Amino acid sequence: MSLRDYDNISPTAKLVAEMRRHSDIPFAEEIATRMGSAELVREMLDGDAPAPELLSWMAPTIEARYKSLETALEASGVKQVVELGSGFAFRGDAMNRTTPLRYIETDLPEMHDTRLRLRNELRRDGVLPVQEHVIFAPLNAVAPGDGAVLEQNLVPGEPVAVIHEGLLQYFTRDEKRAVALLIAGLLKRHGGVWLTPDFELSDDGSRKRWTHPHFARIFSLIAGSTQRDLRDAAFTSVDEVKDFFSKLGFRVTPRAQIDGTFALSSAERVGTTPEQLDLLRRSRILWELRLD
Ligand SMILES: C[S@@+](CC[C@H](N)C(=O)[O-])C[C@H]1O[C@@H](n2cnc3c(N)ncnc32)[C@H](O)[C@@H]1O
């Protein structure tokens, strides 16, 4: 795979930014507006406004994965963070307002440049605070050797939490293995934990209900532009996830993302029904991995 192939995944970050707009996640509205993410989603849907059904599933799904990752990170007590494929979330800046963290946000080089420009704009306009412990770095998560940039920024001997959301879904098993090896190296040197919502299961109960044609349109566009089918890349079961990563030296713990520790603000705004919420509660997983 060349770097350009991975760059094809980057526009999906705008789709996610647009879904976050419906939540109370910090900076979400401002970022979505500046990235023109509403226009991108309309273009994807041939000029249609997103169907209420698309929003009622997708917005709380994206909010839950963001907030559950943040909650797990706080609970881990780890004070230095590496985020892979950060996109337009700006979570480092959001978290550092209340929790002092050394936070290294990374993404592909082209996306890194776009993110730096956006961050400068948001700082200039007083939206984002200037925080010296939030560091941006370019990194291809599947390129062996790219990990060196992380060591330049990490405090030696301090544990690290490695996190990502919306990244591994796109990767083949070989690519997932490459990312796992990068993270295993970091955890061997520093200790710490790997946290992610990204190991999707093909029998996920909520996804079966994403039947509106807008879902099919969006997923076929993503498959076409990224040359990747998210369903093909999914795991079949929790046991398969455990088995795959245990062969790479990890102990895997799955937890419910929606566990009552945070409010799902988008649910009311986009009209998610109690039945939809219940399915999301039962199906969405946050994964914790530690070296054996
Ligand atoms: C769906 S977006 C999610 C972005 C962000 N995590 C969020 O939740 O808003 C996927 C992100 O992964 C990045 N990406 C794709 N391939 C990558 C790779 N090989 N290494 C690092 N980042 C990658 C893209 O540039 C994009 O920002």
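1. In this predicted model, a good place to begin is helix 7, whose buried residues are covered by a set of elements that includes helix 2 (12-20), helix 3 (28-35), helix 6 (91-96), strand 2 (102-107) and strand 3 (134-138). The residues of helix 7 that are buried are Met 111, His 112, Arg 115, Leu 118, Arg 119 and Leu 122. When one looks down the axis of helix 7, these buried residues fall within an arc of 130 degrees, and therefore they line one face of the helix. On the face of helix 7 that is turned away from this buried side, one finds the exposed residues Arg 117 and Arg 124.

2. The length of helix 7 can be checked by simple reasoning: because a rise of 1.5 Å a residue is expected, the 16 residues of this helix (residues 109-124) should span 22 Å, and the C-alpha atoms at its ends are indeed 22 Å apart, which agrees. After helix 7 comes Gly 126, whose phi is positive, near 75 degrees.

3. One of the buried residues of helix 7, Arg 115, also takes part in a contact between a charge and a ring, since its charged end sits over the ring of Phe 136, 4.1 Å from the centre of that ring. A second arrangement of this kind involves Arg 207, whose charged end sits over the ring of Trp 210, at 4.3 Å from the ring centre.

4. Turning to rings that pair with one another, the count comes to 12 aromatic pairs. One of them joins Trp 194 and Phe 245 in an edge-to-face arrangement, with 5.4 Å from centre to centre and 90 degrees between the planes. Trp 194 belongs to strand 5 (residues 192-196) and Phe 245 to helix 11 (residues 238-246), so this pair ties together parts that are 51 residues apart in sequence. Trp 194 has 0% relative accessibility and therefore counts as buried, and Phe 245, at 0% relative accessibility, counts as buried as well.

5. Another edge-to-face pair is made by Phe 199 and Phe 235, with 6.1 Å from centre to centre and 80 degrees between the planes. Here Phe 199 lies in the loop between strand 5 and helix 10 (213-226), while Phe 235 lies in the loop between helix 10 and helix 11, so the pair ties together parts that are 36 residues apart in sequence. Both Phe 199 and Phe 235 are buried. The residues of these two pairs belong to one aromatic cluster, formed by Trp 194, Phe 199, Phe 235, Phe 244, Phe 245, Phe 250 and Trp 287.

6. Asp 146 deserves a separate remark, as it is found in the loop between strand 3 and helix 8 (148-153). Its relative accessibility is 31%, and because values from 20% to 50% lie between buried and exposed, Asp 146 counts as partly exposed. If residues up to four places away in sequence are not counted, Asp 146 touches Leu 139 and Asn 140. The C-alpha atoms of Asp 146 and Arg 177, which are 31 residues apart along the chain, are separated by 15 Å.

7. Finally, for the protein as a whole, the secondary structure comes to 13 helices and seven strands. Its radius of gyration is 18 Å, close to the 19 Å that the globule rule gives for 292 residues, so the protein is as compact as a globular protein of that length. The C-alpha trace spans about 50 × 50 × 40 Å along its principal axes, and 55% of the 292 residues count as buried. Among contacts with a separation of 6 or more, 80% are accounted for by residues 24 or more positions apart.

Terms used:
Residues are numbered from 1 along each chain as its sequence is written. This is a predicted model: local features need pLDDT of at least 70, side-chain atom pairs count only at pLDDT 80 or more; totals for chains, interfaces and linings use all residues. Side-chain values use heavy atoms; hydrogens and water are left out. Helices (H or I, at least four residues) and strands (E, at least two) are DSSP runs, numbered from the N terminus. The expected span of a helix is 1.5 Å times one less than its number of residues. Buried means under 20% relative accessible area, exposed over 50%, partly exposed in between (1.4 Å probe, protein chains only). The arc is that of the directions from the helix axis to the C-beta atoms. Contact means heavy atoms within 4.5 Å. Rings of Phe, Tyr and Trp (its six-membered ring) pair if their centres lie within 6.5 Å; planes under 30 degrees apart count as stacked, over 60 as edge-to-face and the rest as tilted. A charge sits over a ring if NZ of Lys or CZ of Arg is within 6 Å of the ring centre and within 35 degrees of the ring normal. The radius of gyration is taken over C-alpha atoms; the globule rule is 2.2 Å times the number of residues to the power 0.38.
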